[in-house]
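Please work through the exercises below with the sequence and the model side by side, trying each task before reading its solution.

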Amino acid sequence: MSDYTQSQLTEQLKHLSTKSERDVLHPLTKIVSPSEPMDLQQIRAARQQRTSESSSSSVSSLPTEVLDPPSNQAQPNSTPTLASPQPQHTSFRRKHSIHKFNRSQYSLSSISSTPYGSTVPSMSSSPKDNFAREPPRIHAKLYCEDVAKNNKTAKDVLSRLSSDELRSVKTHTELAETANGVRMLAKNLSRATIQLDVKALMIVTKARDNALVYLTREVVEWILTNHTEITVYVDSKLEQSKRFDSKRMIKQYPNAAKHLRYWNKDLTLKSPELFDLVVTLGGDGTVLYVSNLFQKVVPPVLSFSLGSLGFLTNFKFDDYKSKLNHCLDSGVKANLRMRFTCRVHTAEGKLICEQQVLNELVVDRGPSPFVTNLELYGDGSLLTIAQADGLIIATPTGSTAYSLSAGGSLVHPGVSAISVTPICPHTLSFRPILLPDGMFLKIKVPLTSRSTAWCSFDGKVRKELSKGYYVTIQASPFPFPTVIASKTEYMDSVSRNLNWNVREQQKPFSSYLKPETRQMMVENDNGEDKPKENDDNDDFDINYSDQEETEEKTSSSNTTSETNSEDMSYLPLGGGTQTPTTNNQDDRCCYAHPHARVHLNGS
């Protein structure tokens, strides 16, 4: 009922005489027609028909399976045909494994200029506001039977979420059980050990740093020597690099001619499941670049810290050999980090840009000197009108980035929430807020705005928003899996990078004593004649608590209710300093310590 309202359909029904003409109307016409009511099954069938028709015109996700091209549709210089998107299987069985891929089909020469091939529809056919959320889709290597093997509640949740049974849930008890099952399932996901069975490993090196090219070469040489069955993909720009020197590597390692290949952005967008594991050599910016490369499903990401900041890089490069051996032999535990699906639309609703965001979406005033005027909608309702330098819509992962600098709160990656942080708001009452991850957000530049706005996605892609343009934000069905270093990696990274709640401990006073006094203190405290007592009963030379206890006992034994003079607030003799009056003359006296000396010359 997104395109037709009840009043419009009723008006059309008045001008129709035959039943054949009524059948041409919208599929949901009979639902609102009072003359021809439909039962629940017919309504559900009509809605499914409407959903299938609209999904064919919307931007679909990349399929998770790549099949061989049909023989009857073979064309010269054509790329492998992509299967139409199928709903993700709900069980965590590895039915759709990587063995369905034919790796020999993929090379840089076979990738066309269009990243998504023939699956990208016309930009003008995108719906304006679609609140329906896609089912989560993850890399085939992340499916594991251990997730729901020993948890009956998790299995029930999976079966319930995969059918129409969830729509029929009406009681609060059933909703509570479903919510609890989802939490238990998410908890088991982070605890499950995933055997990767790596056949293709992708290495992403930090840009604009030639020293890391030599480190990349050493890592590739070590993998080719110790894991001869793994195919290593490096950046295509290193193929002609003199520092990387691929020709010399092929001469030294015979298997390099077969197992050393190169990736580019078109290859990652075209076939993301070609790679079983991604290794990054750099900082958090390199990890964000990986998120930009994989706009759909993402392989597990193992990040080694070689940058200036490391909230996402929790592995030290010095231990890369042992860590890689452990991941390849014993498996990994992955944290599915939340991402955003951001779409930019024109005033007419035409889709002009779509990006997956790992950190944040920023809508700011750009080069304009005027304060932006942005309308923020949540699930179709106006939440607020922001007059500020901009708005930051951040994920829990991005809460330690731009949002934190603008005054936003730290959010644990395990918390499913959307952080809305204003940038220099015009009102002091506009504080950051956390919204549920199920909310569909829209930021619109009103037609009455004094200037345009600009939006940026993870600081990589930047688009101008003219008057009437808007950008939609919702939780992405394609999470970003990162290999877990330890159970406390998030708190360790916050403490390491932000010095969170770090304070200097009090030093023992004995460090200030002279050697003679320190020796005397040791003799007095550790003397043989001193009785052994608990710390709570130590005999302190100065102890204000003993005096307070004695006074309490004395006051409680008295029958009168007189107040102890020491418990009263201090009042100097003679009334103290007089309170100044409302006039501008201040005739109060100045009191100083008797031994204080006042020098008017400042010396």
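**Exercise 1.** In which strand is Ser303 found?

*Solution.* The model is a predicted one, in which local features need pLDDT of at least 70 and side-chain atom pairs count only at pLDDT 80 or more, while totals for chains, interfaces and linings use all residues. Residues are numbered from 1 along each chain as its sequence is written, and side-chain values use heavy atoms, with hydrogens and water left out. Helices (H or I, at least four residues) and strands (E, at least two) are DSSP runs, numbered from the N terminus. With that numbering, Ser303 lies in strand S5, residues 301-305. Ser303 has a relative accessible area of 3% and is therefore buried, where buried means under 20% relative accessible area, exposed over 50%, and partly exposed in between (1.4 Å probe, protein chains only). In sequence, Ser303 and Val278 are 25 residues apart, and their C-alpha atoms are 8.2 Å apart in space.

**Exercise 2.** Determine how many salt bridges there are, and describe the pairs that involve Arg217, Arg343 and Arg365.

*Solution.* A salt bridge is taken as a side-chain nitrogen of Lys or Arg within 4 Å of a carboxyl oxygen of Asp or Glu, and by this rule the count comes to six.

- Glu221 and Arg217 form a salt bridge with an N to O distance of 3.0 Å. Because these two residues are four apart in helix H7, about one helical turn separates them, and both are buried.
- Glu354 and Arg343 form a salt bridge at 3.8 Å, N to O. This pair links distant parts of the chain, with Glu354 in strand S9 (residues 351-357) and Arg343 in strand S8 (residues 340-345), eleven residues apart. Glu354 and Arg343 are both buried.
- Asp389 and Arg365 form a salt bridge at 3.1 Å, N to O. Here Asp389 sits in the loop between S12 and strand S13 (390-394), and Arg365 in the loop between strand S10 (360-364) and S11, 24 residues apart. Arg365 is partly exposed, at 26% relative accessible area.
- Lys296, Arg343 and Glu354 are joined into one network by salt bridges that share partners.

**Exercise 3.** What is the sign of phi at Arg208 and at Asp379?

*Solution.* Most residues other than glycine have a negative phi. Arg208, although not a glycine, has a positive phi of about 60°; Arg208 is in the loop between strand S1 (200-205) and helix H7 (211-226), and at 84% relative accessibility Arg208 is exposed. Asp379 likewise has a positive phi, of about 55°, without being a glycine. Asp379 is in the loop between strand S11 (372-378) and strand S12 (381-388), and Asp379 is partly exposed, with a relative accessible area of 39%.

**Exercise 4.** How many disulfides does a search of the whole structure find?

*Solution.* A disulfide is a covalent bond between the sulfur atoms of two cysteines. When it is sought as a pair of cysteine sulfur atoms within 2.5 Å, the search of the whole structure finds zero. As for individual cysteines, Cys327 is buried, at 5% relative accessible area, whereas Cys424 is exposed, at 55%.

**Exercise 5.** Where is Ser246, and how far is its C-alpha from that of Ala257?

*Solution.* Ser246 belongs to helix H8, residues 246-252, and at 6% relative accessibility Ser246 is buried. Ser246 and Ala257 are eleven residues apart in sequence, with 9.3 Å between their C-alpha atoms.
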